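Colleague: I would like a close look at one part of this model, the metal site. Please take me through the atoms that hold the metal and how they are arranged.

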Amino acid sequence: MEISEKKVALFHYTLRNKNGDILDTSDGQAPLGYIHGIGNIIPGLEKALQGKKKGDKVKVIIEPSEAYGQRNDSLMEVVPLSNFGDQSQVKVGIQFQVDGPQGLRIATVAKLESENVTIDFNHPLAGVTLDFDVEITDVRDASPEELQHGHVHGDGGHHH
Ligand code: ZN
């Protein structure tokens with residue numbers, strides 16, 4: 001079975017940046033599952049996996065425009081350090097989740113001054129060219145329930 005619209009694909013992956021540093025990997029974990037064609041994963045990876053089968057290995061370089069987009073400097077915000085409950089935890093580079101009108105966003109502390117913290121709301125992978133090594137471990141039909149929920153159930157997906 002080939003990966004096409006509304007199929008569930010499971011895959012192992014290793015993600016590197018241009019320098020070859022590993023940013024993320026499924027190594028040692030369950031493969032990741034997604035429903036093809038509905039935007040579960042970034043567009044560049046979805047395109048690269050189209051038509052692939054169980055056992056196929058795919059190597060693909062994805063530009064930011066097909067991944068997490070370019071960095072946007074207007075997504076930097078300066079807030080008072082006193083906004084943070086435990087100020088000793090606030091350090092440059094730490095990431096935390098913020099629940100807002102656009103849903104859950106990842107925020108990174110970009111700069112720390114005496115009274116102020118600069119928060120970067122860009123996705124941590126914005127502006128980054130991604131180098132993916134993928135191995136397809138399974139391709140199957142999506143169940144009606146999975147299509148309704150818009151995500152994979154069971155192995156590699158949601159358990160509920
Ligand atoms: Zn569900």
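Modeller: In this predicted model, the arrangement around the zinc ion is tetrahedral, because the 4 donor atoms subtend angles of 100 to 121° and the cut-off for four donors asks that all angles lie between 85 and 135 degrees. For reference, the ideal angle for four tetrahedral donors is 109.5 degrees.

The protein donors are histidines: His149 gives its ND1 atom, while His151, His153 and His160 each give NE2. These donor atoms lie 2.0 to 2.1 Å from the zinc ion. Along the chain the donors of the zinc ion follow the spacing H-x1-H-x1-H-x6-H.

Two of these donors can be set side by side for burial. His153 has a relative accessible area of 15%, so it counts as buried, the limit being under 20%. His160 has a relative accessible area of 67%, and therefore counts as exposed, for which the limit is over 50%.

Apart from the metal site, there is the largest pocket, which holds about 320 Å³ of space. Its lining consists of 14 residues, and those nearest its centre are Leu32, Ile41, Ile42, Tyr68 and Phe132. Strand S1 (7-16) and strand S9 (130-141) are the elements that give two or more residues to this lining. The largest share, 3 residues, comes from S1. Sorted by class, the lining of the largest pocket has 11 nonpolar, 2 polar and 1 charged residues.

Definitions and conventions: Residues numbered from 1 in each chain as written. Predicted model: local features only at pLDDT ≥ 70, side-chain atom pairs only at ≥ 80, totals over all residues. Heavy atoms only, no water. Donors = N, O, S within 2.8 Å, 3.2 Å for Na, K, Ca; no water. Tetrahedral: all angles 85-135°; square planar, octahedral: opposite > 155°, others 65-115°. Buried < 20%, exposed > 50% of the residue type's maximum accessible area, 1.4 Å probe, protein only. 1 Å grid on protein atoms, 1.4 Å probe; cavity = no way out; pocket = protein on both sides within 12 Å on 5 of 7 lines; lining within 4 Å. Points joined across faces, edges and corners; volume = space filled by probe spheres on them. Helix = DSSP H or I, 4+ residues; strand = E, 2+ residues; numbered from the N terminus. Nonpolar A, V, L, I, M, F, W, Y, C, P; charged D, E, K, R; others polar.
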